Amino acid sequence: MMSRHDSLAWWVAVFLLSTAVLYTRVAEAPAPQSVDTSLTFFPLKLNEWSCIPVDGNAASYRDASTDYSWVGKCWKTEHALVLDVHIGYASGVPFRSRNLSPRLNHPGLGLDDRWSFIPQDHPSNARQKSDSRPLPCNQILLSHSSGPRIAVLYWYQVGNSIYGDDYRYRVALLIQRLFRRRTASQLVRISTTVKTAEENSAFDAIHELAELFAPVARSRFTQ
Amino acid sequence: MRKEGFTQGTSSQALNLSAETTEKFSSLLLPLGKGAVLLVLFLGLYGPTIKGLVVDWFSFYTHSHGFMIVALSAYLAWSRRRKLIDSLGRPHLGGLLLLLVGLAVFSLGALGGEELAERASLPITLLGLFFYVCGLDMMRVVAFPVLYLLLMIPLPYTLFRDIAFALRLFDAKAVALATSFLGIPIFLDGFMIHLPEISLEVADGCSGAFSSVALIALGVFYIHEMERPNKLLLWSLLIPFAVFANVVRIFVITVGVYFFGDWMLRTWVHQFSGVFNFLLGFGALVLLSIVTQRAFSKRVSP
């Protein structure tokens, strides 16, 4: 026997569930923002660094989660290293797409358990020339079980903010989607293959380029 | 005559039974209908979430224990079916609060594109529905089967890799310590174990993080369902057992490689690391529960 009280509870539950269905499942998802897909994003010269954009098809970095990728190679005369720069743009449409962490998504291979990452203890000292604020970035050493190692420095950009931490990036993206109805984000990843003894010098070079590249990447992020 | 009487008796009994059943059925019809409406709405809300979960369980072998969790949860609910029927009670306002929390977490996840929040809200919303519509007693009966579903949700891969990284370092250190007691010359560098002839890396797959999740899931079921007085001890040892099982596995491989060569890396102990960890960890848990049960019985009995 159902009492009035029971019926009221049922109606309230029905109302709440229906509202949630309508609000979350039927509501219109944010439209993708337009984005500049040109590889001219890459500056040809960054102080003493020479850069060349690499065609997306020829580039080794593949990231299935991103909508567009810009890939380039940068070098400086006195450095024997060539640095790979990858910028991944995730429009966030379909709604949940986001840049995968470079800790998990490896160059040209996607998710591969044979790669493992080693967090680097030294905090980033890269600074942006424009406003001399510390660049919040993350540096890791990717190590493959068969030997190769890659020094990687990366950061994410959501709106005008930059995040080095993977979790903060997710929270920032969540907040942006909830309150600004914007879904786009980008990942900047600077990396180079290194031998064991060269790790420090590789990271020094990467930081040097990051200082110069961060303001460019930041200003060209369209959303 | 006897046959006739028997027939008459049976038919009247059947009539009574049928009337009783019809009455019972019609009294249940309305609640069942209302329950069905709620179920349809719940599935409408969580359909895409459930689909995403199933896709993950199919796609990643490390998450495939999700199927087991759902089956065990269904079994737990089925084993409580009598209590469930008896506990149907009046709506409870506390349930409304829980339902609202569940829906708020769901909305946060669905609108913010954070599927972990969306998935985690499923058991909360379901429990809130039971609590609100069917009352406190029913909530108590279904609490464990419903909350057990939390274990079906895959942790974010980034978090998993962080846990795996910490475990790799710990495992390598523990194995190096244990191996040194056997007099085996060993040099430890992070998660690289250097033996005289060969270097072994405690890789991500060797961390035991993935197999530990399945072991913990089954361990929770086992400990909760067994009627034994030593549950607290077993709860506290569940995670250490999962870690310990992997340390034992890596120790066996390291010692095996030192004495017998690298063929040890091709044995099933290494190749099927997850299965080995699971069997070893769960076996140890069951063994400990039996031993402590016996010890407890002896202490209690005069």
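The bend of a helix at a residue is the angle between axes fitted to the seven residues ending there and the seven starting there. This is a predicted model, in which local features need pLDDT of at least 70 and side-chain atom pairs count only at pLDDT 80 or more, whereas totals for chains, interfaces and linings use all residues. Residues are numbered from 1 along each chain as its sequence is written, and chains are lettered from A in the order in which they are written.

Select helix 9 of chain B, residues 231-260, helices here being DSSP runs of H or I with at least four residues, and strands runs of E with at least two, numbered from the N terminus. At Leu238(B) this helix bends by about 45 degrees, and Pro240(B) follows within four residues. Its end C-alpha atoms are 41 Å apart, which agrees with the 44 Å expected of 30 residues at 1.5 Å a residue, the expected span being 1.5 Å times one less than the number of residues. Go on to Gly261(B), which follows helix 9 of chain B and has a positive phi, near 95 degrees.

Next, show both sides of the contact (heavy atoms within 4.5 Å), which takes 40 residues from chain A and 45 residues from chain B. Across this interface there are 2 salt bridges, a salt bridge being a side-chain nitrogen of Lys or Arg within 4 Å of a carboxyl oxygen of Asp or Glu. Select Asp162(B) and Arg103(A), which form a salt bridge with the closest N and O atoms 2.9 Å apart. On the side of chain A that touches chain B, the elements giving two or more residues are helix 1 (4-26), strand 7 (115-119) and helix 2 (166-180); helix 1 of chain A gives the most, with 17 residues.

Key:
Side-chain values use heavy atoms; hydrogens and water are left out.
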